[in-house]
Amino acid sequence: MASETFPAPAFEGSEKRMELDFCSTLAGGAGDLRSLSRQQLDAVLDKASCCIVSSRSNTVFDSYVLSESSLFVYADKVVLKTCGTTRLLDAVPLLLELASGLGLACSRCKYSRASFLFPDAQPAPYTDFNAEAAALQSALGPLGSYGSMAVLGEAATGLQWHIFMAELPGSTHPPTYSLEICMTELCPAKALPFFRTEDFLTAAAVTTRSGIAALLPQAEVDDFVFEPCGYSMNALQGSTLSTIHVTPEQGHSYASFELSGPCLQAFSISGTVAKVAEMFNPGHMTVALSTSVDGHGWDLSCTHLPTALQHRASAHHRHASSGDTTFHSLRKPAPPPGLHALRSVDHEMGGELSRCPSPMAVTSLLSPCPLLDGQSTTAIAQVLAAHGAVSIPDGSQSAIDAHIRRLVTAHDLEDPLYVVDLGCVMRLYNAWQLAMPRVHPFYAVKCNTDGGMIALLAAMGAGFDCASEAEVKAVLSAGAGPDRIVYANACKRPKDVRAAASLGVNLTTFDTESELHKLRRWHPSTAALLRVRADDPAARCQLGNKYGAEMEQVPSLLQAAQQLGINVAGVSFHVGSGATNPAAFSEAIELARTVFDQGLAMGFDMHILDIGGGFCGGSILPDGSVALGDVPVAVNTALAKHFPDEGAVRVIAEPGRYFAEAAASLACMIIGTRDIRSTGKAPTRDYWITDGLYGSMNCILYDHATLSAHPLPPNNNIKGHHDAGTEGMLLVPSTVFGPTCDGLDTVLHDYPLPSLENGDWLVFPNMGAYTLVGACNFNGIDVAHTPVFYVCSAGRPS
Ligand SMILES: *Cc1c(COP(=O)(O)O)cnc(C)c1O
């Protein structure tokens, strides 16, 4: 889901819409547009750069779901709606020509659209409504000369509705009404059903689960869910059409709803608007109601809007021919100032503001850890805005808990959720730079592939450690170039080596001769780091059993590389994940020196030292330094001793856990309880929660993690600046089970918890490292796509 990219080449959901009515030019009656062949329709759509993905018909009209929105064909009317950067107007000439072959001439044309989310990304003429109207007028021939255009809504804020109408004088058409709703900033929880997650069953299930089916109970529905996300639906009911399109990704989320027909009396307009608003809970919504007959304006004041939307502006336009359009713009009230405000910046305004937020806002967030040289506040602010990061006062667990409580209440959540604090990641990045200034961190993506985390680290200036094509692509799409990636998997699949070659990733690691042969065959120009074994026996997860050449193998590996023509550029090691022993790092650096010397003696250009990962989960101490014990001092001292020439050797590291662990909290609802009272023993309690060992808590098995948890305080009990505690509550040793039917699925044993009920929540802090990445959907319980909500804490807890 978090397929955010930076800078954001985001998808344009806002549609262009064309409605053409035709009259017979033949005395004996004309043909029927529905007799156009599939090839002819394909040719028309090809002009607009889209294609048909699904179709449905009733006795009155044919409906087509397109790769970009929808097409509807009646006997004498066509409605074409296309989103993205499609060229809808290019389809008009061919359509008119095909109609003419059936003895039909266009007698009425209505073209309309909302503002684009990303106007700069549109091809000409869609960058300027005057130019669109002019292009359309010339395509329409004589009818074009009766055209007139209007732009409704506030020019100052860009919340506008554009409409072009042309009608041949004296022509008659049945009345048409159309209700068009456009929404941005969809509530993330409401957007979730529109992702093709692993528990995706059918489009019909999505239509039901999202509430769309209930909106149009009488209609025949043709629905489609795109890969990896996105939803389109056409519905047919007599001669009335409706269509819904959803772009669910946070940062550029968009949904549209349309209901059009000769008479909408069977549908309560106000009720429909209210239900649609409820279904998507958007930050911003526009409503346009057009009629082709006179005198049917629509009053929004009688609509009861369930969400916090407030009426912002209305406009009414009477068309030069007949009929009119009423337009309303609604939005949620402005959130408090701060980063919050970045998020709510209206994307319909062309995203100007969201692309260039105030650097001040970010600088103040980073205090007392100011930005370092070369870091771009604008780039960082863009990431925060694109991921909808909400500002919270500080990074304390109680501030995080308060946010979780707000989310749970506002969206009526039941499923588990993550809150990721990007402010925490920022502070950790800069604390690292201060603690080990010579060591450039390359974040180990496997630890947590969260899109916001990766994009933020890319904006901060980090490099990345990737181990597969998918990880490389995630990093590239977050805006870091291939020169900022080390392919640090010492045994790559052949296809990963080929992917590295084709994606331009030219630094990798090896520890066997067999790997060198793969490099020789598929990526001979790559630089390679020789990974040596250097274990911290006390580390939480050992790696030395599998990776790292022993010292006695080094000479033969270097010789093999020389024979195969592979450029050995340095040395890498990994002391084991969750390492606390400073000596492990200093001894490994000393070892690396001897390998460097062997390589140099053989004529290799040894200039990169990669000190790997293993660093503990980061936490910032009150003085702004980072709690890594004596590890930074050991690293700095060993580097100064063994690699004193800073110009000659570049030092990188591959921390995963360090950045990810503390940044994420997981919240799970309690779904079952049981009291255990056996005579002669103290009472205990059992709980069941919505995530477990097969989900994010797989870290208990694979990462040897010991979890901690606390109850989520109720709304009125979130304490100021103290971490959520359980003082004053009677604590009972409790067992907490996951939701699957496996007895092994037990998360906490004999853990002191107060008395909790179904519907209460448990929060698990420090769940960012090796958690969600290892989750699966065993038992059909979808925890592998647990949603992430971003916050940006303004400073470390005081
Ligand atoms: C997993 C891994 C890392 C990250 O390790 P952490 O202990 O999370 O810092 C770094 N490098 C390599 C090669 C790894 O396999």
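# Why these labels? A chat about the model

Me: Let's start with aspartate 750. What makes this residue count as exposed?

Reply: Aspartate 750 has a relative accessibility of 60%. The label "exposed" asks for over 50%, so aspartate 750 earns it. Please keep in mind that this is a predicted model.

Me: Where does aspartate 750 lie, and what is notable about its phi?

Reply: Aspartate 750 is part of strand S31. Its phi is near 50°, which is a positive value in a residue other than glycine.

Me: Which value does phi take at aspartate 412, and is that residue buried or exposed?

Reply: Phi is near 55° at aspartate 412, again a positive value in a residue that is not glycine. Aspartate 412 has 67% relative accessibility, and exposed means over 50%, so the residue counts as exposed. The loop between helix H12 (397-411) and strand S18 (417-421) is where aspartate 412 sits.

Me: Why is cysteine 741 worth a look?

Reply: UniProt, in an unreviewed entry, lists Cys741 under "active site". In the model, cysteine 741 belongs to the loop between strand S30 (732-737) and strand S31 (746-753).

Me: How do you know whether cysteine 741 is buried or exposed?

Reply: The relative accessibility of cysteine 741 is 73%. With the cut-off for exposed at over 50%, cysteine 741 therefore counts as exposed.

Me: Now proline 125, please. Why is this residue called partly exposed?

Reply: Its relative accessibility is 21%. Buried would need under 20%, and exposed over 50%. Proline 125 therefore counts as partly exposed.

Me: What else can you tell me about the surroundings of proline 125?

Reply: Proline 125 is in the loop between strand S6 (104-114) and helix H3 (129-140). The peptide bond that leads from alanine 124 to proline 125 is cis, with omega near 5°. Beyond its neighbours within four places in sequence, proline 125 is in contact with Leu89, Ala131, Glu132 and Ala135. Computed along the chain is not the whole story here: proline 125 and alanine 135 are 10 residues apart in sequence, and 7.6 Å separates their C-alpha atoms.

Me: What makes the phenylalanine 61 and tyrosine 74 rings an aromatic pair, and which type is it?

Reply: Their centres are 4.6 Å apart and their planes make an angle of 15°. Pairing needs centres within 6.5 Å, and stacked needs planes under 30 degrees apart. The pair is therefore stacked. Phenylalanine 61 is in strand S3 (residues 61-66) and tyrosine 74 in strand S4 (residues 69-74), so the pair ties together parts 13 residues apart in sequence. Phenylalanine 61, at 0% relative accessibility, counts as buried, and tyrosine 74, at 9%, counts as buried too.

Me: Why is the pair of tryptophan 432 and phenylalanine 615 given its label?

Reply: The plane angle is 75° and the centres are 4.8 Å apart. Edge-to-face means planes over 60 degrees apart, so this pair is edge-to-face. Tryptophan 432 lies in helix H13 (residues 422-435), while phenylalanine 615 is in the loop between strand S25 (608-610) and helix H20 (631-642), so the pair ties together parts 183 residues apart in sequence. Tryptophan 432 is buried at 0%, and phenylalanine 615 is buried at 2%. Both rings also join a cluster linked by ring pairs, with Tyr429, Tyr443, Phe585, Tyr658 and Phe659.

Me: What makes you say that a charge sits over the ring of tyrosine 126?

Reply: The charged end of lysine 16 is 4.5 Å from the centre of that ring, and the distance limit is within 6 Å. The charged end of arginine 498 likewise sits over the ring of tryptophan 522, 5.1 Å from its centre.

Me: Why is the largest nonpolar core said to lie between domains?

Reply: That core has 115 residues, and those with the most contacts inside it include Tyr443, Phe573, Ile611 and Phe764. Domain 2 (421-661) and domain 3 (662-793) both give residues to this core, so it lies between them. Another core, of 40 residues, lies apart from it and has Leu88, Leu89, Cys106 and Tyr111 among its residues.

Technical notes
Residues are numbered from 1 along each chain as its sequence is written. This is a predicted model: local features need pLDDT of at least 70, side-chain atom pairs count only at pLDDT 80 or more; totals for chains, interfaces and linings use all residues. Side-chain values use heavy atoms; hydrogens and water are left out. A nonpolar core is a set of buried Ala, Val, Leu, Ile, Met, Phe, Trp, Tyr and Cys residues joined through side-chain atoms within 4.5 Å. Buried means under 20% relative accessible area, exposed over 50%, partly exposed in between (1.4 Å probe, protein chains only). Domain bounds come from an automatic or database domain assignment. Rings of Phe, Tyr and Trp (its six-membered ring) pair if their centres lie within 6.5 Å; planes under 30 degrees apart count as stacked, over 60 as edge-to-face and the rest as tilted. Helices (H or I, at least four residues) and strands (E, at least two) are DSSP runs, numbered from the N terminus. A charge sits over a ring if NZ of Lys or CZ of Arg is within 6 Å of the ring centre and within 35 degrees of the ring normal. UniProt positions are given in the numbering used here, feature names are shortened, and annotations may be inferred rather than shown by experiment. Contact means heavy atoms within 4.5 Å.
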